[in-house]
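This note is intended for a colleague meeting the structure for the first time. Please read the points below alongside the model.

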Amino acid sequence: MENVRAEKTHGVHLDAYSRCTHYFTDKDIVSIKFKCCSKYYACYKCHENLEQHPVIKWERADFSEKALRCGRCQFIFSIQSYLSGENYCPQCSALFNPLCKNHWDIYFNVSMADSSNYQSSL
Ligand SMILES: [Zn+2]
Ligand SMILES: [Zn+2]
Ligand SMILES: [Zn+2]
């Protein structure tokens, strides 16, 4: 079995923290594994640029799947801990971009109303 740390993040013009050409602030360091192709991408636009298929969202039943990776420490963590977290890495505390929330419904089967109330509804 392949070491998960060896799985590379895909994307357009990635830097050492897996930031891409679309999102490149200090906080845009999370990679997300896509259900459709089991590849980590820096963002959905990278997926759109490099893949020919539509995105398949993670369903609620999949939220225990470890599909998020911190670009700073490479820690891999679950969708659930990402969605219910406070926008920082559970391992190294690197800050994540809180605006990613606006795109959660592209990656995960959550409605926008859900994402603002996600914590209280758990
Ligand atoms: Zn895909
Ligand atoms: Zn991108
Ligand atoms: Zn980290």
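The points below concern one residue and the strands around it.

1. The model is predicted. The residue chosen as a starting point is Cys-70, which belongs to strand 4, residues 66-70.

2. Is Cys-70 buried or exposed? Cys-70 is buried, because 22 other C-beta atoms lie within 10 Å, and the cut-off for a buried residue is 20 or more.

3. Which residues touch Cys-70, once its neighbours within four places in sequence are set aside? The contacts are Ile-29, Val-30, Phe-75, Cys-89, Gln-91, Cys-92 and Ala-94. A further relation across the sequence links Cys-70 with Ile-32: the two are separated by 38 residues in sequence, and their C-alpha atoms are 9.1 Å apart.

4. Strand 2, residues 30-33, deserves separate attention. Val-30 and Ile-32 point one way from this strand, whereas Ser-31 and Lys-33 point the other way. All of these residues are buried. Val-30 also appears among the contacts of Cys-70.

5. How does strand 2 pair with strand 4? The pairing is antiparallel and extends over 3 bridges. Within it, Ser-31 has Arg-69 of strand 4 as its bridge partner.

6. Strand 2 also pairs with strand 3, residues 40-41, in the antiparallel sense, here over 2 bridges. In this pairing Ile-32 is bridged to Tyr-41 of strand 3. Strands 2 and 3 form a hairpin with 6 residues between them. In the turn, Ser-38 has a positive phi of about 55 degrees.

How values were computed:
Residues numbered from 1 in each chain as written. Chains lettered and ligands numbered in written order. Predicted model: local features only at pLDDT ≥ 70, side-chain atom pairs only at ≥ 80, totals over all residues. Helix = DSSP H or I, 4+ residues; strand = E, 2+ residues; numbered from the N terminus. Buried ≥ 20, exposed ≤ 12 C-beta atoms within 10 Å, placed from the backbone. Contact = placed C-beta atoms within 7 Å. Pairing = 2+ DSSP bridges.
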